[in-house]
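Okay, thanks everyone, let me put my structure up on the screen. I'll keep this short.

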Amino acid sequence: MDESIYNLIPKPVEAKKKPAMYKSQHHASYTTKQDGSKAAAATMGPAKVAVSKPTEYLKKHEKEPNLPERMFFVLIYFVLVFVRFFLSIRRLNFCFAARKFERPTQKKPSVPRAGDKPVMGVKSKKDFITANAVENILAIPKKSSKQDLDYTKKKDFGKIPAYLDKVKQDIQEEYRMVQDMEGAEEMGGPNMVVLPEQERLAILRGLKTNWERINKQYQTLSFTLDTPAKRARKEAYEAQLEQIERDIQKLSKKNVFVAADY
């Protein structure tokens with residue numbers, strides 16, 4: 001705002017004019033409509049009902065139904081008890097009248113008297129040993145349900161067990177390894193030493209871990225080898241798995257010889 005001396009003169013305050021109150025244009029026609037097209041209490045506003053008197057308020061037990069007197073229910077209860085008792089008596093009489101007592105034909109042996117003497121000294125002349133021997137001699141032998149096994153008819157009868165072949169192969173491989181070590185020493189090669197047990201187990205665990213990792217990747221390959229890249233990847237995985245299996249087989253032995261300067 002520019003500075004001016006006229007700004008020091010107070011200006012008259014203009015009073016804001018209040019707008020007129022809103023009034024519906026349909027108000028007069030709606031309130032004066034008396035054609036009876038609308039039902040009672042269908043419009044907004046309180047319904048015009050008759051106001052009850054102050055003395056006509058709701059009293060206690062005023063809305064409860066009027067029941068008969070207590071004596072009426074007592075009489076009905078005694079009548080029901082009497083009818084039930086009468087029916088039970090009739091049922092008992094019918095049961096006793098229908099049952100007929102029957103005396104058992106066989107009696108129990110009488111109780112011995114005090115003067116009766118027991119039978120003693122009864123002996124048998126039967127020779128139980130001879131009778132048992134004769135009975136066993138004349139008895140027909142039982143037929144066994146299971147047939148005796150003939151081990152000579154087995155498929156692998158007379159053949160060397162598979163585990164012995166494996167033991168022989170291990171022994172021959174150890175002999176071959178010893179001969180190779182001796183030949184290497186004679187030719188002036190490096191000295192051979194036994195691989196420590198801790199290192200052998202650590203290398204074996206590492207090989208098994210690598211085999212599981214590569215086998216997991218190999219299992220994720222697709223069945224369809226429609227591209228050269230898929231076939232090459234499959235052959236590479238198979239070659240790695242075979243090499244790791246051969247290494248695991250070598251390190252599974254107890255004594256593994258390696259170069260001294262490994």
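I'll go through an arginine, then a nonpolar core, then an annotated region. Keep in mind that this is a predicted model.

So, arginine 200. You'll find arginine 200 in helix α5, which runs over residues 197–219. Is arginine 200 buried or exposed? Its relative accessible area is 7%, and because buried means under 20%, arginine 200 counts as buried.

What does the side chain of arginine 200 reach? It goes to the backbone oxygen of leucine 251, at 2.6 Å. If we leave out neighbours within four places in sequence, arginine 200 is in contact with Leu195, Leu251, Ser252, Lys253, Lys254 and Val256.

Some of those names come back in the next bit. The largest nonpolar core has eleven residues, and Leu195, Leu251 and Val256 are among them. The others are Leu204, Leu207, Ile214, Tyr237, Leu241, Ile244, Ile248 and Val258. Which elements give two or more residues to this core? Those are α5 and α6, with α6 spanning 228–251. The largest share comes from α6, with five residues.

Let me pick out one of the core residues, isoleucine 214. Not counting residues up to four places away in sequence, isoleucine 214 touches Tyr237, Gln240, Leu241 and Ile244.

Last stop, residues 71–89. The UniProt record, an unreviewed entry, annotates this stretch as "transmembrane region". And what does the model have there? Over residues 71–89 the chain is 100% helix and 0% strand, and the C-alpha atoms at the two ends sit 27 Å apart.

That's it from me, happy to take questions.

How values were computed
Residues numbered from 1 in each chain as written. Predicted model: local features only at pLDDT ≥ 70, side-chain atom pairs only at ≥ 80, totals over all residues. Heavy atoms only, no water. Helix = DSSP H or I, 4+ residues; strand = E, 2+ residues; numbered from the N terminus. Buried < 20%, exposed > 50% of the residue type's maximum accessible area, 1.4 Å probe, protein only. Polar contact = N/O pair within 3.5 Å; in protein donor to acceptor, adjacent residues only side chain to side chain. Contact = heavy atoms within 4.5 Å. UniProt positions renumbered as here; feature names shortened; annotations may be inferred. Core = buried A, V, L, I, M, F, W, Y, C linked by side-chain atoms within 4.5 Å.
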